[in-house]
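Visitor: Could you take me closely through the side-chain pairings in this model, beginning with the aromatic rings and going on to the charged groups and their surroundings? I would like each term given with its cut-offs as you reach it.

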Amino acid sequence: MAPRNRLVVDFQRNYIEFNDTKYCIKDDSTNEIHGESMKFGDLETPIYRYNDRETHVFWREDQLLEAVMIIAGHFIKTFNLTSIFHVLVSNSHPVIQIIDWIQIQNFGSIEDVKIENFTLIDCQREEKNEVAKRIYSDEFLKKITGHFNSNLKGFPVAPALWTSESIDLNKIMISHADWIDLNHFIKMNCVSIILYKSTLSREDLIVFLMDWKAGNKAELMYLSIHFEEGFELDVEGIVEMLAREFKLAYGTEENTFEIRGNDDQRVEIEILEDGKNFKLFIHSLSV
């Protein structure tokens, strides 16, 4: 079986990696070695082969963002790719333009091009509210098939965020999750959920766990919640609530507990004494 094509699009550092060969996009004014060129679609541009695995592609300084999109689109069209392995975005370029590129263009492919892994480091200040609306929308999340990682902070939350009944991802990690309430949290049907700076309450956690017990979180294997300062868990209170709703046992390690779920699942819970972190691991009884 032929190896699977793998495309990485890094908008932060302006490079494309296709099947372990990196195409680094450089300001054309730094090109001191002329003579060789390469075509990407209909455009031909000077290049320098730095080594067997890295090629420098020279482009106008004011068109570096466009260059990343053109070269990525070239590989998608040429090899009829149906997914991009990883897209990494930061505030080095206008993020709205990148999101539009992800959502609107299908690059001439028969199938809608998906993103296996998406990472947003940050965006420019004036974009924050609009970027939040876009990346936390049903339309955008349906583009993601694997991991979704967002470090976006400092935006006024729009009430329409996440209107679908279920957010189905392999892994979701949100570094500034103070805006996430129970309505958002309960929709996460992911294998791994990691939230930082959370303001969720112990009651929210119990509702989520009851939903899991009812069979509505079949994919869940790992949950980690780091609480915002001032929103730490009342450890004694959450333990009492767990004991009322589940068959609770103390674990073998300090600050750990076990509860049982359906389908032969054993759940290990770790709650730090200061209430700043809640972790949950789901195992089968055979483990």
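Guide: Counting two rings of Phe, Tyr or Trp (its six-membered ring) as a pair if their centres lie within 6.5 Å, with planes under 30 degrees apart called stacked, over 60 edge-to-face and the rest tilted, one arrives at 16 aromatic pairs. One of these pairs is formed by Phe-75 and Phe-79, which is stacked because the ring centres are 6.4 Å apart and the planes meet at 25 degrees. The model is a predicted one, in which local features need pLDDT of at least 70 and side-chain atom pairs count only at pLDDT 80 or more, whereas totals for chains, interfaces and linings use all residues. Residues are numbered from 1 along each chain as its sequence is written, and side-chain values use heavy atoms, with hydrogens and water left out.

The two partners of that stacked pair can also be described by their accessibility, where buried means under 20% relative accessible area, exposed over 50% and partly exposed in between (1.4 Å probe, protein chains only). Phe-75 counts as buried at 6% relative accessibility, whereas Phe-79, at 38%, counts as partly exposed. Elsewhere, ring pairs join Phe-118, Tyr-136, Phe-140, Phe-148, Phe-155 and Trp-179 into a cluster.

Two members of this cluster, Phe-118 and Phe-140, appear again around Ile-135, whose contacts (heavy atoms within 4.5 Å) beyond four places in sequence are Ile-99, Phe-118, Leu-120, Phe-140, Leu-141, Phe-148, Ser-150 and Leu-152. Ile-135 belongs to helix H3, helices being DSSP runs of H or I with at least four residues, and strands runs of E with at least two, numbered from the N terminus. At 0% relative accessibility, Ile-135 counts as buried. Its C-alpha atom is 9.8 Å from that of Leu-152, a residue 17 places away in sequence.

Helix H3 leads on to the charged groups. With a salt bridge taken as a side-chain nitrogen of Lys or Arg within 4 Å of a carboxyl oxygen of Asp or Glu, the count comes to 14 salt bridges. In one of them the side chains of Asp-100 and Arg-134 meet at 2.5 Å, N to O. Asp-100 lies in helix H2 (residues 95-104) and Arg-134 in helix H3 (residues 128-135), so this pair ties together parts that are 34 residues apart in sequence. Arg-134 also forms a salt bridge with Glu-130, the closest N and O atoms being 3.1 Å apart, and these two residues, four apart in helix H3, are separated by about one helical turn. Asp-100, Glu-130 and Arg-134 are thus linked in a network of salt bridges. Both acidic members count as partly exposed, Asp-100 at 25% relative accessibility and Glu-130 at 33%.

The salt bridge between Asp-211 and Lys-217, also 2.5 Å from N to O, has partners that count as buried, Asp-211 at 18% relative accessibility and Lys-217 at 3%.

Charges can sit over rings as well, the rule being that NZ of Lys or CZ of Arg is within 6 Å of the ring centre and within 35 degrees of the ring normal. Arg-6 lies over the face of Phe-85 at 4.0 Å from the ring centre, and Lys-22 lies over the face of Tyr-15 at 4.4 Å from the ring centre.

Tyr-15 is, in turn, the bridge partner in strand S2 of Asp-10, and this brings us to the strands, which are said to pair if DSSP finds at least two bridges between them. S1 and S2 (residues 15-18) run antiparallel and are joined by four bridges; their hairpin has four residues between the strands, and Asn-14 takes a positive phi near 55 degrees there. S1 also pairs with strand S7 (residues 83-89), in the parallel sense and over three bridges, with Val-9 standing opposite Val-87. In a regular strand the side chains alternate between the two faces of the sheet. Within S1 (residues 7-10), Leu-7 and Val-9 point one way and Val-8 and Asp-10 the other, and all are buried.
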